[in-house]
Amino acid sequence: MSMLASKQDMVFVQKQPGFEIKPHPEHSRLYHIELDDSLLQTFFAGLSEVNAQTLEYVPYMRLILAGRLSDLFGASLGEAVRGILHDRRSGGFTVGVQEQAMDPESYVKFGTAVSCLAGTPNFDAMSGTYYARFTVKDTDDSDSYLRQAYRLFTLHTDGTFVEEPTDWLLMMKFEERHSAGGESRILHLDDWEELKKFSDHPLASYPFTYKSPPSKNIGQVVKRKTFFKQNNGTCICFIDQFVYPETIAQAAYLKELSESLENSAAVMALPLPAGQLIMLNNTFWMHGRAAFEKHPELHRELMRLRGVFTEV
Ligand SMILES: [Fe+2]
């Protein structure tokens, strides 16, 4: 039985001078943060001397941007962002530039600033910096599902094959053309009907081997338990493409787990307009992508950031 969040769980709903937090129109566990348009304009106008390269080369500039958001919209914005991401009942929100900026550089600045309200972005070995931009097109010769448009990208968590923790995930839509389908598919662990069956299984805490394909630029092999406890809640670490079971029984467990997740009635396809981002707690939310409909001029660009919470 699905236990979707009820209205009284939406404790972060609020109206402040600089922003308003509303229940998300499409998902009962998520929030949508609406920012004041003129303050957004002020935010972008004050950053003309900062570009994406500055942010890549000088880590403290990422936090300076978060500080700018905090100064303009109020310290309560950061408190709400951190509160939502930590709150097991929710753990996610969307927010966007509300057409106050239209260019990729501004999107990078905005996504960086929001992410740094929550914590510190991890190094992304695929891009060689703290964020990655990637496109999905009609044709692709990559070695993972990431850029393959016409197949379903199965539900997973990020950071499975790296040593460091990955507490949160941010995905921001930059652009899309001729892209029917391709929505983010998301699932909150507490809405999954068979969570108990798989998290109580003897293999739930078996340390599986994770290895990544060459495009990820990680030569590492790590051991990861599929289910673990954090703040008294059951959390998950799983991706079908990079886990290497050693026995038939282990393979059967992983295959059934993935199929059960895919078949959950609580999986939601969430449309994300260009200029908007979604931020999720990566320990109890899973994400994937619906297949796109075939189109020769399909083009979609997304930015992703993953990172850890800052201990304060
Ligand atoms: Fe992912």
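Me: What makes strand β10 (residues 207-211) and β11 a pair, and do they run parallel or antiparallel?

Reply: Strand β10 (residues 207-211) is joined to β11 by 5 bridges, and the two run antiparallel. Two strands pair if DSSP finds at least two bridges between them, so 5 bridges meet the condition. Within β11, V222 is the bridge partner of Y210 and R224 that of F208. The strands and helices themselves are DSSP runs numbered from the N terminus (helices H or I, at least four residues; strands E, at least two). This is a predicted model, in which local features need pLDDT of at least 70 and side-chain atom pairs count only at pLDDT 80 or more, whereas totals for chains, interfaces and linings use all residues. Residues are numbered from 1 along each chain as its sequence is written, and side-chain values use heavy atoms, with hydrogens and water left out.

Me: Why are β11 and β14 said to stand at the edges?

Reply: The sheet is open, has 3 strands in the order β11-β10-β14, and its pairing is antiparallel. β11 (221-225) and β14 (243-244) each have a single partner strand, so one side of each is left without a neighbour in the sheet.

Me: How do the side chains along β11 divide between its faces, and which are buried?

Reply: They alternate: V222 and R224 point to one face and are buried, whereas V221, K223 and K225 point to the other and are not. Buried means under 20% relative accessible area, exposed over 50%, and partly exposed in between (1.4 Å probe, protein chains only).

Me: Why are α3 and α5 called roughly perpendicular?

Reply: The axes of helix α3 (residues 59-73) and helix α5 (residues 104-118) cross at roughly 85° and come within 8 Å. Axes are lines fitted to C-alpha atoms, for helices over the stretch in contact, and angles run from 0 to 180 degrees between N-to-C directions. Angles under 35 degrees count as roughly parallel, over 145 as roughly antiparallel, 65 to 115 as roughly perpendicular and the rest as oblique. The crossing angle of roughly 85° lies in the 65 to 115 range, and α3 and α5 are therefore roughly perpendicular to each other. On the α3 side the contact is made by R62, L63, L65, A66 and L69, and on the α5 side by K109, T112, A113, V114, C116 and L117; contact means heavy atoms within 4.5 Å. These residues divide into 8 nonpolar, 1 polar and 2 charged, where Ala, Val, Leu, Ile, Met, Phe, Trp, Tyr, Cys and Pro count as nonpolar, Asp, Glu, Lys and Arg as charged, and the others, Gly among them, as polar.

Me: How do you know that the buried residues of α1 line one face of the helix?

Reply: In helix α1 (residues 37-45), the residues L40, F43 and F44 are buried. Seen down the axis of α1, they fall within an arc of 90°, so they line one face; the arc is that of the directions from the helix axis to the C-beta atoms. Their cover includes β3 (31-35), α3, β4 (92-96) and α5.

Me: Why is S106 classed as it is, buried or exposed?

Reply: S106 lies in helix α5, and its relative accessibility of 9% is under the 20% limit, so S106 counts as buried. Leaving aside neighbours within four places in sequence, S106 is in contact with F44 and A101.

Me: What makes S258 buried or exposed?

Reply: S258 is in helix α7 (residues 248-263). Its relative accessible area is 10%, and S258 is therefore buried. Beyond neighbours within four places in sequence, S258 is in contact with F238 and D240.

Me: Why does S70 count as neither buried nor exposed?

Reply: S70 belongs to helix α3. At 23% relative accessibility, S70 falls between the two limits and so counts as partly exposed.

Me: What is notable about phi of N231, and is N231 buried or exposed?

Reply: Phi of N231 is near 50°, a positive value in a residue other than glycine. N231 is placed in the loop between β12 (227-230) and β13 (233-236), and at 71% relative accessibility N231 counts as exposed. N232, in the loop between β12 and β13, has a positive phi of about 70° although it is not a glycine. With a relative accessible area of 76%, N232 is exposed.
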